[in-house]
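Welcome, and thanks for taking a look at this one with us. Please have the sequence and the model open side by side as you read.

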Amino acid sequence: MKIKHLLTVILICFVCANLPAQSAAAEIEILLGTNAVTYAQAARFILEASDVFTTADQNEAFRFAMEKNWLPKNAQADNAARLDAVCLLFMQSFEINGGIFYSLFKNSRYAFREMVYKNFIYGRIDPAMNVTGERLLFYTGNILAHNEKHATPAGEN
């Protein structure tokens, strides 16, 4: 099942990416070999996957996410990304609605809880754990698959 989601992410990245296919493949290969993605890597990948902000520069994507308050204030571009912070970036960039506490506070603590509740992330996880490249791809695939499944067909409103 995990491989199926990973292949879905790879396929979506090739089809939807604004970057050339070789560049997307290289980025996925780098992410798959990364034990702990940085905030800059996570921001660039998630913002492009959500069609919010497209750039080849990870630091530019990080600055964009920080300006929008989509990452914790203490996040540094080259630090290992924590799962709860990545959840906040997912929730904000994909415009995922949350419960009452997330709606009120819009912080990483409640973003993590919402992502677990919605089954975008699951298994042996901890909000403070570092996010591997494989997990980043897997979580992105879960969200994209959910969005595709619940998308309104063109012309229907």
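Here is a short tour of the nonpolar core, the aromatic pairs and one glutamine. Please keep in mind that this is a predicted model.

**The nonpolar core**

- The largest nonpolar core comprises 45 residues, and those with the most contacts inside it are Leu-47, Phe-90, Met-115 and Leu-136.
- At least two residues of this core come from each of helix 2 (21-32), helix 3 (39-49), helix 4 (58-67), helix 5 (83-93), helix 7 (108-117) and helix 8 (133-149).
- Helix 5 gives the most to this core, supplying eight residues.
- For a closer view, try Leu-136: leaving out residues up to four places away in sequence, Leu-136 touches Leu-31, Val-37, Ala-42, Phe-45, Ile-46, Val-86, Phe-90 and Val-131.
- As general background, nonpolar side chains tend to be buried together in soluble globular proteins.

**Aromatic pairs**

- Searching the whole structure turns up eight aromatic pairs.
- Phe-101 and Tyr-110 count as stacked because their ring centres are 5.4 Å apart and their planes meet at 15 degrees.
- Within that pair, Phe-101 is partly exposed, at 46% relative accessible area, whereas Tyr-110 is buried, at 16%.
- Tyr-122 and Phe-138 make an edge-to-face pair, with 5.8 Å from centre to centre and 80 degrees between the planes.
- Tyr-122 sits in the loop between helix 7 and helix 8, while Phe-138 belongs to helix 8, so this pair ties together parts that are 16 residues apart in sequence.
- Here too the partners can be set side by side: Tyr-122 is partly exposed, with a relative accessible area of 41%, and Phe-138 is buried, with 9%.
- One aromatic cluster is formed by Phe-53, Phe-64 and Trp-70.

**A glutamine in helix 3**

- Gln-41 is part of helix 3, and with a relative accessibility of 12% Gln-41 counts as buried, because the cut-off for that label is under 20%.
- A polar atom of the Gln-41 side chain lies 2.9 Å from the backbone nitrogen of Thr-38.
- Setting aside neighbours within four places in sequence, Gln-41 is in contact with Ile-30, Leu-31, Thr-34, Ala-36 and Gln-58.
- Leu-31 is worth finding on screen, since Leu-31 appears among the contacts of Gln-41 and also among the residues that Leu-136 touches.

Terms used. Residues are numbered from 1 along each chain as its sequence is written. This is a predicted model: local features need pLDDT of at least 70, side-chain atom pairs count only at pLDDT 80 or more; totals for chains, interfaces and linings use all residues. Side-chain values use heavy atoms; hydrogens and water are left out. A nonpolar core is a set of buried Ala, Val, Leu, Ile, Met, Phe, Trp, Tyr and Cys residues joined through side-chain atoms within 4.5 Å. Buried means under 20% relative accessible area, exposed over 50%, partly exposed in between (1.4 Å probe, protein chains only). Helices (H or I, at least four residues) and strands (E, at least two) are DSSP runs, numbered from the N terminus. Contact means heavy atoms within 4.5 Å. Rings of Phe, Tyr and Trp (its six-membered ring) pair if their centres lie within 6.5 Å; planes under 30 degrees apart count as stacked, over 60 as edge-to-face and the rest as tilted. A polar contact is a pair of N or O atoms within 3.5 Å; within protein, one must be able to donate a hydrogen and the other to accept it, and residues adjacent in sequence count only if both atoms are side-chain atoms.
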